[in-house]
Amino acid sequence: MNSDYLALYDNQSKYADELNQNLSACKTELLKSFCTKNSELISVCAPGRVNLIGEHIDYNDGFVLPMAIPLYTVIVGKLKPFDDNNNKNTVCRVKSLEASLGDKNYVEIDLNNLQKKDKNQNWANYIIGVVANFEGTVEPFDCVIKSNVPLGSGLSSSAALEVAMYTFLENLTNQFSSKENKALRCQKAEHEYASVPCGIMDQFISSMGKENNTLLIDCRSYESKLFALNDPDISVLVVNSNVKHQLEGSEYSSRRKQCEDVARIIGKKSLRDATLQDLQNNEKKIDRESYKRAKHAITEIERTLNASKALSGNDMTTFGQLMNQSHDSLRDDFNVSCNELDSLVEISRNSDGVLGSRMTGGGFGGCTVTLVKTSHVNEVIENIKQKYKGVASFYVCKPCEGARQIQ
């Protein structure tokens with residue numbers, strides 16, 4: 001590993017190879033830890049995502065435009081109807097291969113007592129929440145989990161975990177939900193068990209992603225529409241700043257509340273229904289910080305719709321300009337960027353072949369997403385290696401399929 005980057009995914013075969021390696025690691029650990037015999041194994045995966053535009057507006061009933069990316073949470077497991085003493089079982093055993101968990105990587109879940117774990121095993125609450133919100137009847141199981149969606153990166157590692165677990169339960173029990181209902185139930189799990197008031201985007205795209213397509217999601221009606229992103233001359237470069245944030249922190253919740261408060265002041269159900277003129281007409285009633293938050297949400301919703309129109313016409317120049325405007329608004333009005341993200345965006349924008357660059361995800365660290373001519377991808381990566389003061393990771397992505405069983 002070179003000292004100037006942590007990870008480099010610059011070809012699609014690397015993603016496939018790592019998926020297969022993680023699948024094999026899960027199977028090996030399942031056999032080792034749970035003494036599996038002759039039972040048919042269920043293997044599933046669910047992807048992370050990058051949001052191309054439409055940030056912090058899913059909870060404002062707005063529009064978002066993410067794509068699923070080929071970084072996956074993998075789960076391999078089997079039914080466990082009887083315990084080791086051949087008595088009827090009610091306990092699920094779950095082991096994670098995430099190294100940072102240390103000795104907190106194993107949890108037992110009693111199906112008759114789906115209580116939250118303490119913060120030392122908060123990762124398990126995402127699992128328990130999905131089990132509690134599964135549409136069908138959950139049967140006892142053993143499973144092993146491994147993911148290469150980087151934690152705290154803004155690439156939706158939590159949604160990938162939730163949707164992978166739900167997909168595992170579907171295939172384990174042969175009880176299947178619609179993709180939309182799966183996403184909604186996973187969102188509810190995160191609200192109730194992880195105490196994160198997330199919008200719907202992350203679970204939707206992990207469940208509903210399509211290869212070579214972005215997905216425009218209406219976060220009010222849950223209607224969605226695919227927009228092709230398959231021009232070989234254009235690449236999506238995701239750069240992880242490797243500065244991490246905690247989404248459940250007060251910053252996320254306070255911004256959501258500010259947006260809701262402004263909508264109430266101007267007499268709208270949400271900022272989806274508001275215009276800049278509405279905001280300006282009520283400026284004296286709104287504190288300056290909340291005004292800026294609302295300004296971002298209102299203009300970002302419009303930018304996202306314009307971006308989808310640009311994408312449908314293959315107008316990537318306009319799309320890139322809208323990405324730039326999005327970042328500037330997130331930095332100046334919503335105040336969720338940071339020095340590292342701003343540096344990555346500036347370096348990218350000053351590189352030849354770049355059409356647009358912005359922070360993506362919740363903010364305060366995590367990733368940037370850059371739209372760049374394929375012929376210039378390596379040049380952008382080299383510029384960041386040389387000029388970024390931190391240590392970045394690079395992912396050249398194509399839109400991939402959503403959650404699925406691995407045969």
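**H2 against H4**

Select helix H2 (residues 122-133) and helix H4 (residues 179-193) in this predicted model. The crossing of these two helices, H2 and H4, is right-handed. Their axes come within 8 Å and cross at roughly 125°. That angle makes H2 oblique to H4, because it falls outside the 65 to 115 degrees that count as roughly perpendicular and is not over 145, the limit for roughly antiparallel.

Now show the side chains at the contact. From H2, display Asn-125, Tyr-126, Ile-128, Gly-129, Val-130, Ala-132 and Asn-133. From H4, display Arg-185, Cys-186, Lys-188, Ala-189, Glu-190, Glu-192 and Tyr-193, which they meet. Coloured by class, the contact of H2 with H4 shows seven nonpolar, three polar and four charged residues.

**The loop after H2**

Move on to Thr-137, in the loop between H2 and S6. Is Thr-137 buried or exposed? Its relative accessibility is 54%, so Thr-137 counts as exposed. Leaving aside neighbours within four places in sequence, Thr-137 is in contact with Thr-173 and Gln-175. Draw a distance from the C-alpha of Thr-137 to that of Thr-173: the two atoms are separated by 7.6 Å, with these positions 36 residues apart along the chain.

**H4 against H5**

Keep H4 on screen and add helix H5 (residues 201-208). The axes of H4 and H5 come within 8 Å and cross at roughly 140°. H4 and H5 are therefore oblique to each other. H4 passes H5 in a right-handed crossing.

On the H4 side of this contact, select Lys-179, Glu-180, Lys-182, Ala-183, Cys-186, Gln-187 and Glu-190. The H5 residues that they meet are Gln-203, Phe-204, Ser-207 and Met-208. By class, the contact of H4 with H5 has four nonpolar, three polar and four charged residues. Cys-186 and Glu-190 deserve a label: both appear in the contact with H2 and again in the contact with H5.

**Gly-154**

Next, centre on Gly-154, in the loop between strand S6 (141-147) and helix H3 (157-173). Gly-154 is buried, with a relative accessible area of 13%. For a long span from here, draw the C-alpha to C-alpha distance to Glu-289: Gly-154 and Glu-289 are 135 residues apart in sequence and 24 Å apart in space.

**H6 and its cover**

Select helix H6 (residues 250-265). What end-to-end length should its 16 residues span? At 1.5 Å a residue, H6 should span 22 Å, and its end C-alpha atoms are 22 Å apart, which agrees.

Which residues of H6 are buried? They are Tyr-252, Arg-255, Arg-256, Gln-258, Cys-259, Asp-261, Val-262 and Ala-263. To see what covers them, turn on helix H7 (276-281) and helix H8 (288-312), which are among the covering elements. Just after H6, stop at Gly-267, where phi is positive, at about 80°.

**Asn-314 and His-327**

Follow the chain to Asn-314, in the loop between H8 and helix H9 (316-332). Its phi is near 55°, a positive value in a residue other than glycine. At 47% relative accessibility, Asn-314 counts as partly exposed.

Then select His-327, which lies in helix H9. His-327 has 1% relative accessibility and so counts as buried. Display what surrounds it: apart from neighbours within four places in sequence, His-327 is in contact with Ser-337, Leu-341, Asp-342, Val-345, Arg-349, Ser-357, Arg-358 and Met-359.

**Phe-364**

Go to the loop between strand S10 (354-360) and strand S11 (367-373), the place of Phe-364. What sign does phi of Phe-364 have? Phi of Phe-364 is positive, near 55°, in a residue other than glycine. Phe-364 is partly exposed, with a relative accessible area of 30%.

**H10 against H11**

For the last stop, select helix H10 (residues 339-349) and helix H11 (residues 377-387). They pack at an angle of about 135°, with their axes 9 Å apart. That makes H10 oblique to H11. H10 passes H11 in a right-handed crossing.

Show Leu-344, Ile-347 and Ser-348 of H10 together with Val-380, Asn-383, Ile-384 and Lys-387 of H11, the residues that make the contact. These residues of the contact of H10 with H11 divide into four nonpolar, two polar and one charged.

Technical notes: Residues are numbered from 1 along each chain as its sequence is written. This is a predicted model: local features need pLDDT of at least 70, side-chain atom pairs count only at pLDDT 80 or more; totals for chains, interfaces and linings use all residues. Side-chain values use heavy atoms; hydrogens and water are left out. Axes are lines fitted to C-alpha atoms, for helices over the stretch in contact, and angles run from 0 to 180 degrees between N-to-C directions. Helices (H or I, at least four residues) and strands (E, at least two) are DSSP runs, numbered from the N terminus. Angles under 35 degrees count as roughly parallel, over 145 as roughly antiparallel, 65 to 115 as roughly perpendicular and the rest as oblique. A crossing is left-handed if the near helix is turned anticlockwise from the far one by less than a right angle, and right-handed if clockwise. Contact means heavy atoms within 4.5 Å. Ala, Val, Leu, Ile, Met, Phe, Trp, Tyr, Cys and Pro count as nonpolar, Asp, Glu, Lys and Arg as charged, and the others, Gly among them, as polar. The expected span of a helix is 1.5 Å times one less than its number of residues. Buried means under 20% relative accessible area, exposed over 50%, partly exposed in between (1.4 Å probe, protein chains only).
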